[in-house]
Every structure is written in C-alpha cells, then in structure tokens.
Amino acid sequence: MRRVRFHAHGGPDVLRLEEADPPAPAPGELLIRTEAIGVTLPGVRRVRDTGTPLPGSFGGDVAGRVAALGDGVTGFAVGDRVSAISFADSYADLTTAPVVTASPLPDDATAVEAVALVRGGHVALAALAAAAPSPTESLLITGAASGVGHLAVQLARVQGVRRVVAAVGDPAKAAFLRGLGADEVVAYGDESWGEPVDAVLDGVGGDLLPRALAALAPAGRLVFFNSGGGTVPAHALLSGSKTITGLTMAHFSRNRPELYAQHRGELWRLFGEGRLRPAVHAEIPLDQAPKAHAIIESRTNRGKVVLIP
C-alpha cells in the first residue's frame with residue numbers, strides 16, 4: 001500500500017510517498033481502506049516541530065470501507081462504510097482506527113462529506129461542551145474558517161449562543177463566515193476585537209493565545225484545543241477570574257465514550273436536517289500531499305482540505 005511520511009523536519013516538501021506493508025488492526029480496532037483523509041493544522045505543524053520523532057506520520061480523520069476487524073470488535077462488518085479517527089499513518093491507502101471513534105456513514109453522505117464533518121464536528125462539540133456558553137452569552141472562535149472553526153460557528157448558532165464572533169487571519173473570509181451564522185468577524189491584526197466575550201474556543205494558540213485570553217470578560221472561559229502552544233502569565237487568569245481548559249480528542253473519545261457517541265448522533269442529525277454544512281476547500285490526490293499542506297500553511301482555506309487516495 002501507499003502511505004505518506006516525513007523523514008526530516010521542514011515544510012511541505014519533506015513529505016514522501018512510500019510503499020509499506022498493510023497494518024494489522026489491534027484488538028478493538030478497525031482496518032479501513034481509505035476513500036478520504038482529512039488534513040489538519042496540528043498535522044501540518046508536526047512536520048516543522050523538531051520534537052516530533054522521525055520518521056513522522058500523521059493521525060486524523062478518515063472515511064472509507066472496513067477492510068478487517070480487530071479482536072473483540074462488534075457492530076461493524078467488512079465492507080461497511082465508516083468514518084473514524086486514526087492516530088497513526090492516516091495518510092495511507094489503509095489505516096487502523098479505534099472502533100470507539102468509528103461512525104457508520106449514512107447512505108446520503110459521501111466519504112468526503114464525512115471527513116469534513118465528523119472529526120471537526122466532534123472537536124467543535126467537545127469544545128462547546130467544555131466552554132458551555134449559555135443563550136445569554138457571547139463566544140469568540142479563533143481559526144474560524146478552519147475545518148473545526150467553520151463547524152463551531154454553525155454549532156454555536158444552532159445551540160442559540162447570543163453573539164458569535166469569528167476571528168481569522170484574513171478579512172477576506174468574512175463573507176464566508178457571516179454566511180455560516182457569525183454575527184461579527186474580526187481579523188487577528190485588528191486593533192480591537194469588539195466587546196469582551198464570555199467564552200473563547202482557541203484553535204490557533206501560539207502568539208494569539210494572550211490576545212484570545214484578553215478578549216474574555218471577567219470570569220470568562222477559554223477552551224484550548226490547538227497544537228500551537230503558547231503561554232500566559234498567571235496574573236492574567238487571577239486578575240480576571242478567568243479559566244483555561246485543555247482539550248484533546250484522543251483523551252475525550254477514550255474517556256468519555258458515551259458523550260462521544262451522543263455527539264456523533266447529533267452531528268449526523270444536524271447534517272441530515274441541513275442545519276450543519278461541512279465546507280470542503282479542496283480535494284487533493286494522496287500523492288500530492290505537499291500541495292495540501294501548503295494550502296493549510298498559507299491559511300487560505302475556507303473549510304476542510306481533503307486527501308483522496
């Protein structure tokens with residue numbers, strides 16, 4: 001089978017397509033023949049992170065058909081159409097994924113739609129659950145045009161959040177986000193992000209984290225779900241009685257399987273009702289993975305970038 005890995009740190013050009021033996025599913029895992037593979041900002045950042053062990057591979061959202069079952073797996077059969085989250089070698093013709101992350105695909109959903117919806121939607125719902133904005137509160141979302149962010153904007157609107165603010169690097173994305181339900185769109189470089197908000201979903205981190213924290217009103221909550229890192233002084237939390245909560249989907253899916261399953265049902269229900277519209281920015285062949293990474297690094301995408309084996 002084919003897979004994409006990197007054997008040096010750097011930009012998109014270090015990605016290499018190589019031949020490898022198919023993996024075997026461990027107990028509790030599915031082997032999936034991929035039809036669509038999601039590209040994420042954390043995955044792109046791994047390539048440049050010199051702390052990433054080499055050779056490096058990618059985890060992420062995939063959709064396709066079940067090719068084999070690990071020991072103890074029930075509820076799925078070979079040939080079933082599924083979406084799932086793979087934690088290693090997702091950029092491949094075949095990949096393994098824990099069955100707890102797997103979701104059957106509705107007949108009216110394509111593999112590309114599933115990749116644009118499921119992982120990003122799970123992250124968005126988990127972040128919203130952690131931030132818990134009420135209908136009387138306001139919410140700011142960084143990386144709002146990303147694969148996760150554009151779904152978080154829609155889900156916040158579905159949940160009745162009073163004021164949804166979308167924060168982006170490029171003001172040209174404003175029309176896209178207003179079309180998804182954002183009340184306001186601000187650019188990272190703007191002098192002001194408007195009135196303080198009650199909660200922030202931060203999908204960017206890094207140098208933007210202090211700015212996101214400063215956007216919170218007193219007693220505000222920030223949910224941090226990105227790979228960008230960043231630091232804030234303790235007094236920035238103490239002085240405003242603010243809180244930061246970290247979120248990773250690997251931990252969430254394994255430790256809160258009931259809520260994960262509930263979110264899965266909610267995502268597909270909203271999709272079927274036409275209330276949640278996953279956006280696909282580009283579909284790129286697997287052997288052109290560097291092109292997909294270059295799109296993410298340019299931060300020009302509006303919605304999901306998807307690899308097609």
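**Cores, pocket and loops of the predicted chain**

Setting aside neighbours within four places in sequence, tryptophan 268 is in contact with Ser103, Pro104, Leu105, Pro106, Ala109, Ala114, Leu117 and Val118. This contact list comes from a predicted model, and it offers a convenient way into the interior. Trp268 is among the residues with the most contacts inside the largest nonpolar core, a group of 51 residues. Leu139, Ile141, Val153, Leu155, Leu177 and Leu201 share that standing. Two or more residues of this core come from each of helix 2, strand 8, helix 3 (149-158), strand 9 (163-168), helix 4 (174-180), strand 11 (197-202), helix 7 and helix 8 (257-272). Helix 2 provides the largest share, 13 residues. Separate from this core is a second one of 30 residues, which includes Val4, Val14, Tyr91 and Ile296.

A step back gives the setting for these cores. The protein chain has 9 helices and 15 strands. Its radius of gyration is 19 Å, close to the 19 Å that the globule rule gives for 309 residues, so the chain is as compact as a globular protein of that length. Along the principal axes, the C-alpha atoms fill a box of roughly 55 × 40 × 35 Å. Of the 309 residues, 55% are buried. Among contacts with a separation of 6 or more, 65% are between residues 24 or more positions apart.

Helix 3 gives a close view of the packing around the largest core. This helix is mostly covered, with 8 of its 10 residues buried. The buried set runs through Gly149, His150, Leu151, Ala152, Val153, Gln154, Leu155 and Ala156. These residues pack against helix 2, strand 8, strand 9, helix 4, strand 11 and helix 8. Just after helix 3, glycine 160 takes a positive phi of about 85°.

Strand 8 (residues 138-142) can be followed through one of its residues, serine 138. Serine 138 has a relative accessible area of 1%, so it counts as buried, the cut-off being under 20%. Beyond the residues up to four places away in sequence, serine 138 touches Val161, Arg162, Arg163, Pro196, Val197, Asp198 and Ala199.

The largest pocket holds about 930 Å³ of space. Its lining has 44 residues, and Thr40, Pro42, Gly43, Arg119 and Phe225 lie nearest the centre. Helix 1 (41-48), strand 5 (81-86), helix 2 (111-131), helix 7 (249-255) and strand 15 (304-308) each give two or more residues to the lining. Helix 1 gives the most, with 4 residues. In character, the lining divides into 19 nonpolar, 19 polar and 6 charged residues.

The loop between helix 1 and strand 4 (60-69) contains aspartate 49. With a relative accessible area of 41%, aspartate 49 is partly exposed. Its C-alpha atom is separated by 6.7 Å from that of histidine 9, although the two residues are 40 residues apart along the chain. Proline 55 also has its place in the loop between helix 1 and strand 4. A cis peptide bond, with omega about -5°, joins leucine 54 to proline 55.

Another loop, between strand 14 (280-285) and helix 9 (289-298), holds leucine 286. Leucine 286 is buried, at 1% relative accessibility. Apart from neighbours within four places in sequence, leucine 286 is in contact with Arg2, Val4, Leu17, Ile37, Tyr91, Ala92, Asp93, Leu307, Ile308 and Pro309. Among these partners, Val4 and Tyr91 are included in the second core. For alanine 92, the distance to leucine 286 is 7.8 Å from C-alpha to C-alpha, across 194 residues of sequence.

Positive phi values also turn up in residues other than glycine. Aspartate 89 has phi near 50° and lies in the loop between strand 5 and strand 6 (94-98). At 14% relative accessibility, aspartate 89 counts as buried. Serine 241 likewise has phi near 50°, and is found in the loop between helix 6 (234-238) and strand 13 (243-246). Serine 241, at 51% relative accessibility, counts as exposed.

Terms used
Residues numbered from 1 in each chain as written. Predicted model: local features only at pLDDT ≥ 70, side-chain atom pairs only at ≥ 80, totals over all residues. Heavy atoms only, no water. Buried < 20%, exposed > 50% of the residue type's maximum accessible area, 1.4 Å probe, protein only. Contact = heavy atoms within 4.5 Å. 1 Å grid on protein atoms, 1.4 Å probe; cavity = no way out; pocket = protein on both sides within 12 Å on 5 of 7 lines; lining within 4 Å. Points joined across faces, edges and corners; volume = space filled by probe spheres on them. Nonpolar A, V, L, I, M, F, W, Y, C, P; charged D, E, K, R; others polar. Core = buried A, V, L, I, M, F, W, Y, C linked by side-chain atoms within 4.5 Å. Rg over C-alpha atoms; globule rule 2.2 N^0.38 Å.
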